[in-house]
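Welcome! Open your viewer, get comfortable, and follow along one stop after another.

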Amino acid sequence: MDLYGILKHTEKEGRNVYTHGEMLPAHSYPILREFNNLVGQFGSAWQNQKIEFGTFPGPVVITTNCVIDPLKSYRDRLYTLNETGIHGVKHINLENKEEMSQLINHAKSLPGFNDKTIQKFDKNTFTVGFGREVILDNAEKVLQAVADGDLTRIFVIGGCDGSEHKRNYFKTLAHSLPPQTLILTMGCAKYRINNKDYGTLGKLEFPDCLTLDSVMTVMVQ
């Protein structure tokens, strides 16, 4: 609903909106996809925000407790919503038109992306939208994959691997699984494992690794 509110406030203002972190699957929500100003996902997991928020050329709205004390390079561009808050960072209310106007005007005052930034970050494409309806609509194909031996096990990999190298359990697990495995992933652990092409599941058109979840950060540019 936070993303929906921001999209409503910005849709006629000529501002583009990007998601970050766990908000990635929001791009598969039909109602959100109706907004032309929802243009993509910028960045990855929460633990990379000090680099990614510093690079993003617009204000960043945080709706989650997965926020790190911001660097000076972007502190003045950071906003918080709802129960999230950081001392010295602007807190806004989606119901307050004046506060939302401040956010939008802040976005308009900033330079936006240049070609160099776009080339650096516009590299990856993720397929999302594998909610329960999609799986149930293809139940016969899934059962047939089981019967054919193309699907022998399902792993749900959730939680958070963090940024430290030693916290790589989920990545090690995902990379060690046989091709007859379907991985359902949620949480920022997905950013540890989705940098690999796992192929597709037998005759199914599903990728071997499916992303399920949502909610974190919204960016306006």
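How many salt bridges does the structure hold? There are 3 salt bridges here, and we will visit each of them in turn. Keep in mind as you look around that this is a predicted model.

**Stop 1: the whole chain**

Start with a cartoon view of everything. The chain has 10 helices and 9 strands, and buried residues make up 45% of its 221 residues. Now switch on the surface. About 12400 Å² of the chain is exposed, and carbon and sulfur atoms supply 50% of that area. One more number before we zoom in: among contacts with a separation of 6 or more, 59% are between residues 24 or more positions apart.

**Stop 2: the salt bridges**

Side chains of opposite charge can pair when their charged atoms come close. Select Lys-108 and Glu-13 to see one such pair, a salt bridge with its closest N and O atoms 2.7 Å apart. Which parts of the chain does this pair tie together? Lys-108 lies in helix 5, while Glu-13 is in the loop between helix 1 (2-10) and strand 1 (17-20), so the bridge links parts that are 95 residues apart in sequence. Lys-108 counts as partly exposed, at 40% relative accessibility, and Glu-13 is also partly exposed, at 33%.

Next, select Lys-8 and Glu-11. These two form a salt bridge as well, with 3.6 Å between the closest N and O atoms. Lys-8 is partly exposed, with a relative accessible area of 42%, and Glu-11 is partly exposed at 36%.

For another bridge, pick Arg-75 and Asp-69, whose side chains meet at 3.4 Å, N to O. Is each partner buried or exposed? Arg-75 is partly exposed, with a relative accessible area of 26%. Asp-69 reaches 51%, so this residue counts as exposed, the cut-off for that word being over 50%.

**Stop 3: the aromatic rings**

Show the side chains of the aromatic residues. The structure holds 8 aromatic pairs. Zoom in on Phe-42 and Phe-113: their ring centres are 5.6 Å apart and their planes meet at 35°, so this pair is tilted. Where do the two rings sit along the chain? Phe-42 is in the loop between strand 2 (38-41) and helix 3 (49-55), and Phe-113 is in the loop between helix 5 (97-109) and helix 6 (115-121). The pair therefore ties together parts that are 71 residues apart in sequence. Phe-42 is buried, with a relative accessible area of 5%.

Add Tyr-18 and Phe-56 to your selection, and you have one aromatic cluster made of Tyr-18, Phe-42, Phe-56 and Phe-113.

Then jump to Tyr-169 and Phe-170. Their rings form an edge-to-face pair, 5.5 Å centre to centre with 65° between the planes. Tyr-169 counts as exposed, at 55% relative accessibility, whereas Phe-170 counts as buried, at 16%.

**Stop 4: a charge over a ring, and an Asn in a loop**

Select Tyr-79 and Lys-90. What sits over the ring of Tyr-79? The charged end of Lys-90 does, 4.9 Å from the ring centre.

Now select Asn-82, in the loop between strand 4 (78-80) and strand 5 (90-91). Check its backbone angles: phi is near 55°, a positive value in a residue other than glycine. Asn-82 is partly exposed, with a relative accessible area of 41%.

**Stop 5: a nonpolar patch**

Turn the surface back on and colour Ile-154, Val-156 and Met-186. Together they form a nonpolar patch on the surface, with about 270 Å² of accessible area. Met-186 is in the loop between strand 7 (181-185) and helix 10 (190-193), and this residue counts as partly exposed at 32% relative accessibility.

**Stop 6: Val-134 and its contacts**

Finish in helix 7 (residues 132-137), where you will find Val-134. Which residues does Val-134 touch, not counting those up to four places away in sequence? Show Gly-129 and Phe-206, and you have the answer. Val-134 itself is partly exposed, with a relative accessible area of 27%.

Notes. Residues are numbered from 1 along each chain as its sequence is written. This is a predicted model: local features need pLDDT of at least 70, side-chain atom pairs count only at pLDDT 80 or more; totals for chains, interfaces and linings use all residues. Side-chain values use heavy atoms; hydrogens and water are left out. Helices (H or I, at least four residues) and strands (E, at least two) are DSSP runs, numbered from the N terminus. Buried means under 20% relative accessible area, exposed over 50%, partly exposed in between (1.4 Å probe, protein chains only). Contact means heavy atoms within 4.5 Å. Accessible areas come from the Shrake-Rupley method with a 1.4 Å probe; for residues, only the protein chains shown count as cover. Patches are made of residues with over 30% relative accessible area and no salt bridge: like charges are joined within 9 Å, nonpolar side chains (Val, Leu, Ile, Met, Phe, Trp, Tyr) within 5 Å. A salt bridge is a side-chain nitrogen of Lys or Arg within 4 Å of a carboxyl oxygen of Asp or Glu. Rings of Phe, Tyr and Trp (its six-membered ring) pair if their centres lie within 6.5 Å; planes under 30 degrees apart count as stacked, over 60 as edge-to-face and the rest as tilted. A charge sits over a ring if NZ of Lys or CZ of Arg is within 6 Å of the ring centre and within 35 degrees of the ring normal.
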